[in-house]
Amino acid sequence: ELYFKNLSKQKQKEVMEKDGSGHKLRVCVATCNRADYSKLAPIMFGIKAEPQFFELDVVVLGSHLIDDYGNTYRMIEQDDFDIHTRLHTIVRGEDEAAMVESVGLALVKLPDVLNRLRPDIMIVHGDRFDALALATSAALMNIRILHIEGGEVSGTIDDSIRHAITKLAHYHVCCTRSAEQHLIAMCEDHDRILLAGCPSYDKLLSAKNKDYMSIIRVWLGEDVKPRDYIVALQHPVTTDIKHSIKMFELTLDALISFNKRTLVLFPNVDAGDKEMVRVMRKKGIEHHPNFRAVKHVPFEQFIQLVAHAGCMIGNSSCGVREVGAFGTPVINLGTRQTGRETGENVLHVRDADTQDKILHALQLQFGKQYPCSKIYGDGNAVPRILKFLKSINLEEPLQKKFCFPPVKDNISQDIDHILETQSALAVDLGGTNLRVAIVSMKGEIVKKYTQLNPKTYEDRLELILKMCVEAASEAVNVNCRILGVGISTGGRVNPREGVVLHSTKLIQEWSCVDLRTPISDALHLPVWVDNDGNCAALAERKFGHGKGVENFVTLITGTGIGGGIVHQHELIHGSSFCAAELGHIVVSLDGPECLCGSQGCIEAYASGIALQREAKKLHDADLLLVEGMSMKEEEPVSAAHLIQAARLGNVRAAGILRTAGTALGLGVVNILHTLNPSLVVLSGVLAGHYAGAVRDVIQRQALSSAKAVDVVVSNLADPALLGAASLVLDYTTRRTC
């Protein structure tokens, strides 16, 4: 709040970007409960801080106005927001019918409010039944809707409500890359989707309250220490109320047995919530010396409580989303959050049907400290959202459009694929061989096919189709379900269109080639295409040394020199798809000529072709072979002979390898000074020969701040095929860390 107030004061001093007659965007923010307010409040502060652009109206409804749930509308007033309208919309009841009646009551009351406010846009959060009433009312009254946290996946009826709101909303703010992909898959317009991160993370990641001990003492007692208490928050599962009540009873029994101080928060307003409260009272939780039962904790204080807890337990989305920012251990019970992306701090107990299971989970998790996770945000969501709001053109037609994919006949068999292994068809298009493999989700190459790469475009494409069809048919026999096709090829590739723009000289007749369309049409599967260097980086990110590393670079040392760059967990392609052409970093102005036409490139020194060239020179001068070496008369000279000669004491061969290693090392130093990765992975057949030289050059030439980088040799057996498979597996399944 202080940040946005200071920002507002600063902007008042600046020249107004709009003149006095300019239209301000009238934004209505509707909040239904304590949970959605924690996500909406940062946006509200941001809107309030820019009065030259926005007018803010706040509507409060739902459980905010119920005493049993803490009258949480007061915290909105304490945050100095003017509440324009209070709507009592909750119908008291014990079953699902009460939720339906609450939606109906909200639908009756909202039209009058919206008629009076006439907002340009309404901001709706999440997946609660109250939010569905808000979105329905706004859509029917021709008011634009901005939906926060669409595209996510979880359990219970919340999924259906969230996706229903998505279809009503005109604009979408999502928190994760997977959520963005889900929205696109749901035919939403990509131009109206903003990947911003979760707004609550703006507050979470800046929370540095040094006096957290006083907060702990207020809510849990004077004698409680950090990491020595539990926060419990469990809600009814509306699709199976009876089971969720039983699970809550088992949870309380386990917590009583575990004998640690525990803060228990009351559940959400849902069918079954009253019964859960009765279970608490039946077990005497409110009077138990180890428990503190509360209806509401202000979000800023709740952050500190979960950040310093020994464990959080329950089925709240807060546990799998926000708590990961602190690395606090979480036990997620039941199916309410099934499908959510989670950090490694979350232990799932899907079938929490016995007290012993829950108690065992507590014993495993309590007191641990995990790495902090930023799956759901980086702390900069609100500035992105405000910029997005400013970009909305009110002159555009209100009727939203859906981006439906082309419809093709479905020839897949109707089989139960639950027990099948989710897999990808991986295609590696090299200068010599064409390879196709079935690769499982775990990176296992189930079956591989190899043929010589034809010299002409027509023959090559025909062979790719033939091998893919054969592999797809064989997948049924090896119990694999093919999710898509990933293609790794040399040259410059437009991965968005699946087109090879320009090929390397090693692959003839391979420019401006659309690979996606013919293969997708033939196999009725999605197809992804990328450069072989990028694929190697993807392989490391999913299966190798790069797993979980935020910033790293992969260098391929083979026939040529290539690579891929991963920055903030994402692959970098560049504005014209030629990023990471690392082999063409120039390390000498008058060095040998490269295949690209330039001089002094890394590839001209350290590639297999370069080493072969130098080996031929030595051989022609009768300076290659030493004692212990022999070559057949017709055997072609290769880089392998140069390496063998160096190992057997050939000083000239060793000098060539040393120069090649130095050139590669200088290129890596340039990469370190440009990108500052924490890891460099050397891949390919020559990687092991260069690793030592590269490390030596880094220690001699790199800035002291860059010398700490890890340089490792890839341990992947086949990075090209695994990278091609990663293209498929990363985008057709939910990616979790």
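**Note on two open sheets, a helix and selected residues**

1. Six strands make up an open sheet with parallel pairing, in the order β10-β9-β8-β11-β12-β13. Strands and helices are DSSP runs numbered from the N terminus, where a strand (E) has at least two residues and a helix (H or I) at least four. Two strands count as paired if DSSP finds at least two bridges between them. The edge strands are β10 (291–294) and β13 (346–349), each of which pairs on one side only. On average, neighbouring strands of this sheet are turned by 20° against each other, direction ignored. Such angles are taken between lines fitted to C-alpha atoms, for helices over the stretch in contact, and run from 0 to 180 degrees between N-to-C directions.

2. The model is predicted: local features need pLDDT of at least 70 and side-chain atom pairs count only at pLDDT 80 or more, while totals for chains, interfaces and linings use all residues. Residues are numbered from 1 along each chain as its sequence is written, and side-chain values use heavy atoms, with hydrogens and water left out.

3. At one edge of the six-stranded sheet, β9 (residues 261–265) runs parallel to β10 and is joined to β10 by four bridges. Within this pair, Leu-265 has Val-294 of β10 as its bridge partner. Helix α9 (residues 212–220) packs on the sheet and touches β8 (229–233), β9 and β10, its direction making about 75° with that of β9. Contact here means heavy atoms within 4.5 Å. Helix α10 (residues 241–258) lies across β8, β9, β10, β11 (311–314) and β12 (330–333), and runs at about 170° to β8.

4. A further open sheet has five strands, in the order β16-β15-β14-β17-β21, and its pairing is mixed. Here β16 (445–452) and β21 stand at the edges with a single partner strand each, so one side of each has no neighbour in the sheet. Neighbouring strands of the five-stranded sheet are also turned by 20° against each other on average, direction ignored.

5. Which sense of pairing joins β15 and β16? Strand β15 (residues 433–440) pairs with β16 in the antiparallel sense, over seven bridges. Ala-437 has Lys-448 of β16 as its bridge partner. By contrast, β14 (residues 421–429) and β17 run parallel and are joined by eight bridges, with Leu-429 partnered by Thr-489 in β17. Strand β17 also runs parallel to β21 (residues 527–531), through five bridges, and Ile-487 stands opposite Val-529 in β21.

6. Strand β17 (residues 480–489) is mostly covered, since nine of its ten residues are buried. Buried means under 20% relative accessible area, exposed means over 50%, and partly exposed lies in between (1.4 Å probe, protein chains only). Two helices pack against this sheet. Helix α16 (residues 457–477) lies across β14, β15, β16 and β17, at about 25° to β15. Helix α17 (residues 516–523) touches β14, β17 and β21, and its direction makes about 150° with that of β21.

7. Helix α5 (residues 129–140) contains twelve residues and spans 17 Å from its first C-alpha to its last, close to the expected 16 Å. The expected span is 1.5 Å times one less than the number of residues. Its buried residues are Phe-129, Asp-130, Ala-131, Ala-133, Leu-134, Ala-135, Ser-137 and Ala-138. Among the elements that cover them are β1 (25–31), β2 (54–61), α4 (96–117) and α6 (158–168). After α5 comes Asn-142, which has a positive phi near 60°.

8. Thr-72 lies in the loop between β2 and α3 (73–78). Is this residue, Thr-72, buried or exposed? Thr-72 is buried, at 3% relative accessible area. Its side chain makes a polar contact with the side chain of His-64, at 2.7 Å. A polar contact is a pair of N or O atoms within 3.5 Å; within protein, one must be able to donate a hydrogen and the other to accept it, and residues adjacent in sequence count only if both atoms are side-chain atoms. Not counting residues up to four places away in sequence, Thr-72 touches Arg-34, Ser-63, His-64 and His-296.

9. How many disulfides does the structure hold? The structure holds zero disulfides, a disulfide being a pair of cysteine sulfur atoms within 2.5 Å. For Cys-174, the nearest cysteine sulfur is that of Cys-175, 7.0 Å away. Cys-174 is buried, with a relative accessible area of 0%. Cys-403 is partly exposed, at 39% relative accessibility, and its sulfur lies 7.7 Å from the closest cysteine sulfur, in Cys-187, which is too far for a bond.
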